[in-house]
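Me: I have a structure open that I have not looked at before. Can you walk me through it?

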Amino acid sequence: MNQKLIDSLITVVQSLTNEERQIFEQKLFFDDSLISTGDITNLAEKSHSFDFLKDEPDIYTLEDGEPI
């Protein structure tokens, strides 16, 4: 364990303003391993992976199938 590094980090964090510390904590504790539905939707829209579906006919209606 590098105690000198830990002490230096603590000193730096303590020297931050409240606003800076909040931003630091948000970045430190942000879990980017969780991908949201919005992230997936944005990726699908921007990657144009599903553009081929625009040329497909609409063969189903809201009356088809069982209600969910």
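Me: Where does E25 lie?
Reply: E25 is part of helix α2, which covers residues 18-29. Keep in mind that this is a predicted model.

Me: Is E25 buried, partly exposed or exposed, and why?
Reply: E25 counts as partly exposed because its relative accessible area is 38%, and the partly exposed class runs between the 20% and 50% cut-offs.

Me: How far apart are the C-alpha atoms of E25 and V13?
Reply: They are separated by 9.8 Å. Along the chain, E25 and V13 are 12 residues apart.

Me: And L62 and Q3, what separates their C-alpha atoms?
Reply: That separation is 64 Å, for two residues 59 apart along the chain.

Me: Where is L62 found, then?
Reply: L62 sits in the segment after α3. It is an exposed residue, because its relative accessibility is 85% and exposed means over 50%.

Me: Back up a bit. How many helices and strands does the chain have?
Reply: Three helices and zero strands. Going along the sequence, the pattern reads α-α-α.

Me: Is the chain a compact globule or more spread out, and why?
Reply: More spread out than a compact globule, because the radius of gyration is 24 Å, and the globule rule gives 11 Å for 68 residues.

Me: What box do the C-alpha atoms fill?
Reply: Roughly 65 × 25 × 25 Å, taken along the principal axes.

Me: What share of the residues counts as buried?
Reply: 0% of the 68 residues. Buried would need under 20% relative accessible area.

Me: How much area does the chain expose, and what do carbon and sulfur supply?
Reply: The chain exposes about 7100 Å², and carbon and sulfur atoms supply 58% of that area.

Me: Which residues make the nonpolar surface patch?
Reply: M1, I6 and I10 make a patch of about 340 Å². M1 belongs to the segment before α1, a helix that spans 3-14.

Me: Is M1 buried or exposed, and why?
Reply: M1 is exposed, because its relative accessible area is 88% and the exposed class starts over 50%.

Me: Switching to charges. How many positive and negative ones are there?
Reply: The chain has 5 positive and 15 negative charges. The mean positions of the two sets are 18 Å apart.

Me: How many salt bridges does the structure hold?
Reply: One. D51 pairs with K54 in a salt bridge, and their closest N and O atoms are 3.8 Å apart.

Me: Which exposure class do D51 and K54 fall into?
Reply: D51 is partly exposed, at 30% relative accessibility. K54 is exposed, with a relative accessible area of 67%.

Me: Last one. What is the phi of H48?
Reply: H48 has a positive phi of about 60 degrees, although H48 is not a glycine.

Me: Where is the place of H48 in the chain?
Reply: H48 is in the segment after α3, the helix spanning 37-47.

Technical notes:
Residues are numbered from 1 along each chain as its sequence is written. This is a predicted model: local features need pLDDT of at least 70, side-chain atom pairs count only at pLDDT 80 or more; totals for chains, interfaces and linings use all residues. Side-chain values use heavy atoms; hydrogens and water are left out. A salt bridge is a side-chain nitrogen of Lys or Arg within 4 Å of a carboxyl oxygen of Asp or Glu. Buried means under 20% relative accessible area, exposed over 50%, partly exposed in between (1.4 Å probe, protein chains only). Helices (H or I, at least four residues) and strands (E, at least two) are DSSP runs, numbered from the N terminus. The radius of gyration is taken over C-alpha atoms; the globule rule is 2.2 Å times the number of residues to the power 0.38. Accessible areas come from the Shrake-Rupley method with a 1.4 Å probe; for residues, only the protein chains shown count as cover. Lys and Arg count as positive and Asp and Glu as negative; His and the chain ends are not counted. The place of a charge is taken as NZ of Lys, CZ of Arg, CG of Asp or CD of Glu. Patches are made of residues with over 30% relative accessible area and no salt bridge: like charges are joined within 9 Å, nonpolar side chains (Val, Leu, Ile, Met, Phe, Trp, Tyr) within 5 Å.
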